[in-house]
Amino acid sequence: MKPVKIGLLGLGTVGGGTVNVLRRNASEISRRAGREIQIYRAAARGKCTCDTSGIPLTEDAFEVVNDPDVDIVVELIGGEEPAKQLILTALANGKHVVTANKALIAKHGNEIFAKASEKGLMVAFEAAVAGGIPIIKALREGLTGNKIEWVAGIINGTCNFILTEMRDKGRDFADVLTEAQAKGYAEANPTFDVEGIDAAHKLTILASIAFGIPLQFDKVYIEGISGVTRMDVSYAEALGYRIKLLGLARRTEQGVELRVHPTLIPERRLIANVDGVMNAVLVKGDAVGPTLYYGAGAGAEPTASAVVADIVDVVRTLTSDPENRVPHLAFQPQSMSDIPILPMDAVKTAYYLRLSGEDKPGVLADVTRILANQHISIEAILQKEPHTGETHLPIIMLTQKTLEHELNAAIAQIEALPSINKPVKLIRLETLG
Ligand code: HSE
């Protein structure tokens with residue numbers, strides 16, 4: 001049988017890793033795919049991160065997507081444009097697509113998949129979420145008998161690395177970020193990592209596949225880790241919790257919660273012990289119960305592992321009837337649900353609160369009265385002894401589950417107390433039980 005011809009767009013970290021994996025494991029991969037996979041040509045600007053000998057190169061990616069001999073376009077450029085135009089052109093030219101582009105799928109996936117379905121083509125995107133962890137495959141196929149109740153993921157390696165180093169070594173935020181950039185984990189624009197945008201792209205994709213809803217990136221609540229202090233990390237630890245940047249998608253009777261934010265997780269949970277650059281996704285299905293997927297969420301070869309798996313998947317289905325393929329978003333396009341995404345005000349969760357209260361009698365009584373009036377129960381309180389000369393001291397409270405709008409009302413009243421001299425610090429808490 002003739003080899004399948006790949007047109008590779010981008011030879012950066014992931015592109016270079018993909019060339020290396022395809023070459024090193026060529027024999028193993030073709031035994032699985034049933035055909036040889038040939039890197040027919042590639043488009044790259046700047047320095048390539050791999051040995052490109054024998055691969056015809058161009059700087060013009062449109063040459064590759066318009067080449068009639070290319071069977072599968074593998075887009076590893078990233079970003080929205082020109083990646084979107086390149087993929088739409090490849091589809092218009094009848095080529096299947098493999099991409100690692102989470103921003104593109106999260107924001108334009110509905111349009112891209114509609115175009116692909118119209119043309120009977122595949123767009124595979126395993127590498128877009130959690131790097132080398134086959135979470136798309138697991139959710140879309142392995143768990144297909146389940147009603148998925150929720151998905152919770154540590155899906156940004158850079159943030160996890162930063163939070164782990166802050167906790168373990170007391171390192172500085174900026175210093176750890178520089179290391180993550182040097183290692184190739186961080187996004188081209190690292191605010192995408194630390195402000196939670198990258199995790200929100202990935203969560204958008206996971207939620208869509210888990211619940212059969214359209215991709216709705218603009219409805220995700222996003223809060224990054226730049227406001228997390230070493231003080232909060234150590235108070236959380238004293239109370240038996242770890243702080244992680246968590247992406248959470250939960251189905252409730254009122255709608256779907258879709259949120260990315262720093263989160264306290266009980267340290268006894270396996271996912272709370274996922275450290276460094278590693279990713280993990282916890283999925284709760286009604287039949288299977290909780291399942292946990294762990295592995296490298298970034299880096300050249302871990303991400304290439306997912307890209308190559310997608311290439312093999314596409315090769316295997318080249319001759320199959322498009323109607324009988326696994327749907328892009330797990331559910332048949334005509335059976336997508338329009339269940340609403342809940343605003344944060346309507347989300348119910350538990351909270352960590354850090355108050356700065358005057359060191360005098362009655363302050364705690366005032367605060368607890370306000371919480372009680374808003375029907376908020378307290379789970380735990382931690383108060384540190386004042387250092388000499390300090391007039392205010394931190395009071396840490398964990399609440400039981402409450403509606404966020406009730407908590408916000410309580411916080412407004414607490415901040416108005418004369419004995420409270422700083423804004424209340426709020427971090428959400430999930431038991432993931
Ligand atoms: N910047 C991402 C991360 C890379 O840190 O997880 C993988 O998507």
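These questions and answers walk through a predicted model, from its parallel sheet to its empty spaces.

Q: In what order do the 6 strands of the open sheet stand?
A: Strands of a sheet pair through backbone hydrogen bonds, either parallel or antiparallel. In this open sheet the pairing is parallel. The order of its 6 strands is β3-β2-β1-β4-β5-β6.

Q: Which strands stand at the edges of that sheet?
A: An edge strand here has a single partner strand, so one of its sides is left without a neighbour in the sheet. That holds for two strands, one covering residues 57-58 and the other 123-124. They are β3 and β6.

Q: Which residue of β6 stands opposite V98?
A: Strand β5 spans residues 96-99. It runs parallel to β6, and 2 bridges join the two strands. Opposite V98 in β6 stands A124.

Q: What angle does the direction of helix α4 make with that of β5?
A: Helix α4 covers residues 83-92 and packs on the sheet. It touches β1, β4, β5 and β6. Its direction makes an angle with that of β5 of about 155 degrees.

Q: Is α4 mostly covered or mostly uncovered, and how many of its residues are buried?
A: Buried means under 20% relative accessible area. The buried residues of α4 include A83, K84, L86 and I87. They also include L88, T89, A90 and L91. The helix is mostly covered, and the buried count is 8 of 10 residues.

Q: Which elements do the buried residues of α4 pack against?
A: Among the partners are strands that α4 touches in the sheet, such as β1 and β4. Two helices, α3 and α5, are also partners of the buried residues. The full list is β1, α3, β4, β5, α5 and β6.

Q: Which residue just after α4 takes a positive phi?
A: The place to look is just past the end of the helix, which spans residues 83-92. There the phi value is about 80 degrees. The residue is G94.

Q: Which peptide bond is cis, with omega near 10 degrees?
A: Look in the loop between β4 and α4, the place of P82. The bond leads into this proline. It is the peptide bond from E81 to P82.

Q: What is the relative accessibility of A130?
A: A130 lies in the loop between β6 and α6. Its phi is near 60 degrees, a positive value in a residue other than glycine. A130 counts as buried because its relative accessibility is 0%.

Q: Is L432 buried or exposed?
A: L432 is found in the segment after β17. Its phi is near 50 degrees, again positive in a residue other than glycine. The cut-off for buried is under 20%. L432 has 7% relative accessibility, so it counts as buried.

Q: How many residues of β15 are buried?
A: In a regular strand the side chains alternate between the two faces of the sheet. H392, P394, I396 and L398 point one way from β15, and all are buried. L393, I395, M397 and T399 point the other way and are buried too. The count for this strand is 8 of 8.

Q: Which residue stands opposite L398 in β15?
A: β13 pairs with β15 in the antiparallel sense over 7 bridges, and there G357 stands opposite L393. Strand β14 is also antiparallel to β15, with 5 bridges joining them. Opposite L398 stands A380.

Q: What is the volume of the largest cavity?
A: Rolling a probe the size of a water molecule over the atoms shows where empty space is left. The search finds 1 cavity of 30 Å³ or more. L163, T164, R167, V233, R242, I243 and K244 line this cavity. The lining divides into 3 nonpolar, 1 polar and 3 charged residues. The volume is about 50 Å³.

Q: Which element gives the most to the lining of the second largest pocket?
A: This pocket has a volume of about 670 Å³. It is lined by 30 residues, and S117, V326, P327, H328 and P333 lie nearest its centre. α5, β6, α6 and α12 each supply at least two residues. The top contributor gives 5 residues, and it is α5.

How values were computed. Residues are numbered from 1 along each chain as its sequence is written. This is a predicted model: local features need pLDDT of at least 70, side-chain atom pairs count only at pLDDT 80 or more; totals for chains, interfaces and linings use all residues. Side-chain values use heavy atoms; hydrogens and water are left out. On a 1 Å grid over the protein atoms alone, a cavity is a set of points where a 1.4 Å probe fits but cannot get out, and a pocket is an open set with protein on both sides within 12 Å along at least five of seven lines; lining residues have an atom within 4 Å of a point. Grid points are joined across faces, edges and corners, and a volume is the space filled by probe spheres set on the points. Ala, Val, Leu, Ile, Met, Phe, Trp, Tyr, Cys and Pro count as nonpolar, Asp, Glu, Lys and Arg as charged, and the others, Gly among them, as polar. Two strands pair if DSSP finds at least two bridges between them. Helices (H or I, at least four residues) and strands (E, at least two) are DSSP runs, numbered from the N terminus. Contact means heavy atoms within 4.5 Å. Axes are lines fitted to C-alpha atoms, for helices over the stretch in contact, and angles run from 0 to 180 degrees between N-to-C directions. Buried means under 20% relative accessible area, exposed over 50%, partly exposed in between (1.4 Å probe, protein chains only).
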